[in-house]
Amino acid sequence: PAMAETSPVSELMEALRTDVRAKLLDFLDEIPGRKVMVMDPTIVRPLDFIVTPQEMKDHGVQNWFKLTDPEVSVDCSQMIFLMRCCRVELIDWIAKQILADEAAGKDRMYVVVFLPRKTEQCMERLNRKSIRANVKVVECAIHFFPFDRDILSMEAPGVFNEFHVLGDPSRAFYLAKALRFLQAKFGTIPTVHAIGAAGKTVVDIMLRLRKDEQMSDALKDPKPSQEFSPPGVPSMAPHGSQPPQHREGTQQQPHEQQQSGTELGPGIDEVIILDRRVDLFSVLCSPFTYQALIHEALGIHHGVVDVSSAAWAQERTRGQAHPILRNGEVFLSHDKTYFPDIRDLHINSLGPLLRGEAETIRTTYSERDNVTSSGEMADYITRFKTAQAKHPLIEVHTNLAQDLQNKIQSEDYRQHLKLEDDITAQSSQSPLESIQDWIDDQKPFHEVMRLLFLYSLVNNGIKAKQYDQIKRGIIQSYGDEHELTLSNMERVGILRKQESKSVWSSTKTQFNLFPVDADPSRDMSYAYSGYAPLSARLVEMMKKSPTGWRACQDALNLLYGPYLEFQQQLDVSEATHANAAEQAMAQGRPSVTLVCFVGGVTYGEIAAIRRLSEMEEGRRRFLVLTTEMLSARKLLDSVSCETVVNQVPPEEPRVGQRPEERRR
């Protein structure tokens with residue numbers, strides 16, 4: 001069931017949604033008159049979570065286009081470009097549009113808006129384009145999108161690849177900025193936990209930003225000097241190294257004055273920052289909740305599912321309006337009444353529920369002839385309207401669920417699940433032979449790689465002789481372009497030669513990843529039909545002991561990367577607020593825990609975390625902050641080099657070409 005709308009998390013989400021919406025609309029109002037907006041394609045759909053098209057029109061936006069579309073020729077004197085600062089390559093499209101306008105003699109005023117901030121790299125690339133038009137550059141501090149009633153998503157794909165493969169920590173910086181924004185708005189988060197190299201990097205940057213803000217405030221308002229000491233946190237694991245031994249940082253952080261304007265209403269009591277590399281098992285294992293299966297099978301892109309190839313979708317969209325099905329796409333984000341109640345159900349529980357709902361609707365329709373009095377008619381009309389509104393939703397979800405059932409009941413899928421179970425159980429019958437056969441048979445690349453990487457992670461690598469055979473088989477079956485993909489996986493440590501004993505058996509036991517005799521209606525393992533996500537177990541372990549992770553150091557030493565936990569010092573007003581919050585929690589108010597995923601989170605994990613709140617009888621409510629919504633396929637795509645290998649080489653510059661035109 002969906003969380004109650006009156007929960008502290010709902011209050012936080014509403015405050016954040018209002019803040020983000022106000023930032024965007026206030027910015028539009030600063031540019032009076034009619035304007036055209038040209039947007040980064042990756043934020044077009046996420047903007048739907050903030051504002052409606054009608055609101056954009058009400059604030060002067062005449063039309064909007066994607067930055068990758070052909071040059072915009074619409075007649076308007078003001079043009080706004082809205083883009084993420086990390087997508088520097090889009091500046092070339094902006095320059096192309098402005099230069100085309102100059103060539104056509106169009107006189108416009110241009111505004112380039114960088115989210116969440118403008119960077120030197122962006123400014124340098126913009127300056128190199130020799131644009132002579134009137135261009136104003138601004139930044140808009142939108143760090144994330146309110147993706148769901150308990151999910152904040154940066155919608156920033158590829159963070160895992162950038163950090164662990166390319167060694168680029170820039171997205172970690174933006175995540176740290178997002179955490180600082182949350183603390184500026186709701187107060188310093190008293191308790192901080194982090195695990196993994198990326199998690200520690202986010203903490204390091206967050207603390208550095210905090211110190212910079214502190215020193216900046218001190219310069220603006222001089223006070224008796226304080227000594228600033230660095231936090232006692234463990235050093236980061238060297239890039240590409242083996243998982244290091246963990247050390248624990250428990251020193252308190254320097255005193256920080258509360259930023260002016262901080263709202264001390266709803267607050268966040270603790271934050272847990274999880275590096276995706278710590279738990280890749282939960283990405284590679286098969287989930288069984290409704291929303292997670294949709295994402296794995298069809299892909300959910302910003303709350304939208306493409307079902308255009310399904311016959312039932314084609315029939316339903318012919319010549320009739322539908323509340324959530326349009327042009328072959330299901331807008332799950334638009335279904336705020338029914339989908340939140342069924343998205344986390346196990347697929348086996350969903351079918352009977354939908355059939356029962358459909359029968360209730362049919363019964364309601366058939367009762368019309370039995371209505372005799374005006375009182376009965378008024379009651380019937382109410383029930384009829386409810387049934388009529390729910391009917392098209394039930395119809396879509398019934399068809400979607402049936403498609404998913406057909407998939408998981410297919411012979412191929414059953415073979416995959418059997419092999420997956422053999423891998424996680426470390427069966428004596430080597431699953432590696434089956435994987436090698438599938439490679440030789442050229443079975444779907446993503447599915448073969450998913451199982452191969454899961455095998456490598458569980459067994460701490462592959463024996464050298466088999467490893468070389470498998471690499472040769474992959475190149476022969478799927479092409480030379482995947483040689484770089486395998487190299488990337490080796491660098492991350494997902495695919496490697498076996499050099500030491502596997503710790504999977506100990507990990508399973510220490511974290512109770514496959515609970516025996518667990519009640520499916522009460523345990524988080526229901527989301528994966530028997531497997532409890534490691535990430536959710538880490539969140540659970542915070543409250544299993546009064547000393548948190550310190551009570552399970554031996555278990556944490558089995559995992560990748562350093563871990564740390566410490567208390568942040570609060571100023572007087574924050575300490576007063578924290579004391580009041582503790583008293584309220586003692587009287588039954590739930591605490592709020594922010595769970596932050598660096599590199600993405602799956603819908604299966606979110607379902608498990610929501611179930612964890614129910615297991616704890618609502619004493620903790622969870623708010624998830626993630627860089628993106630992840631699936632096994634998306635993870636593999638992010639580290640794949642196939643597109644790089646297949647790119648057409650750049651053309652040589654033509655004779656007489658201007659220097660700035662040669663730069664790419």
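At 13% relative accessibility, Arg-611 counts as buried, whereas Glu-614, at 31% relative accessibility, counts as partly exposed. In this predicted model, the side chains of these two residues, Arg-611 and Glu-614, meet in a salt bridge with an N to O distance of 3.5 Å. Both Arg-611 and Glu-614 belong to helix 23, where three residues, or about one turn of the helix, set them apart.

A second pair within a single helix is formed by Asp-204 and Lys-200, which lie four residues apart, about one turn, in helix 7 (residues 197-220). The closest N and O atoms of the salt bridge between Asp-204 and Lys-200 are 2.4 Å apart. Lys-200 is buried because its relative accessible area, 4%, falls under 20%, while Asp-204, with a relative accessible area of 25%, is partly exposed.

Helix 23 also takes part in a contact between distant parts of the chain, and this contact is described next. Arg-610 forms a salt bridge with Asp-148, in which the closest N and O atoms are 3.8 Å apart. The pair joins helix 23 (residues 603-615), which holds Arg-610, to strand 6 (residues 145-148), which holds Asp-148, across a separation of 462 residues. Both partners, Arg-610 and Asp-148, are buried. These two residues further belong to a network of salt bridges that links Asp-148, Asp-150, Arg-343, Asp-344 and Arg-610.

Counted over the model, the salt bridges come to 39.

Notes:
Residues are numbered from 1 along each chain as its sequence is written. This is a predicted model: local features need pLDDT of at least 70, side-chain atom pairs count only at pLDDT 80 or more; totals for chains, interfaces and linings use all residues. Side-chain values use heavy atoms; hydrogens and water are left out. A salt bridge is a side-chain nitrogen of Lys or Arg within 4 Å of a carboxyl oxygen of Asp or Glu. Helices (H or I, at least four residues) and strands (E, at least two) are DSSP runs, numbered from the N terminus. Buried means under 20% relative accessible area, exposed over 50%, partly exposed in between (1.4 Å probe, protein chains only).
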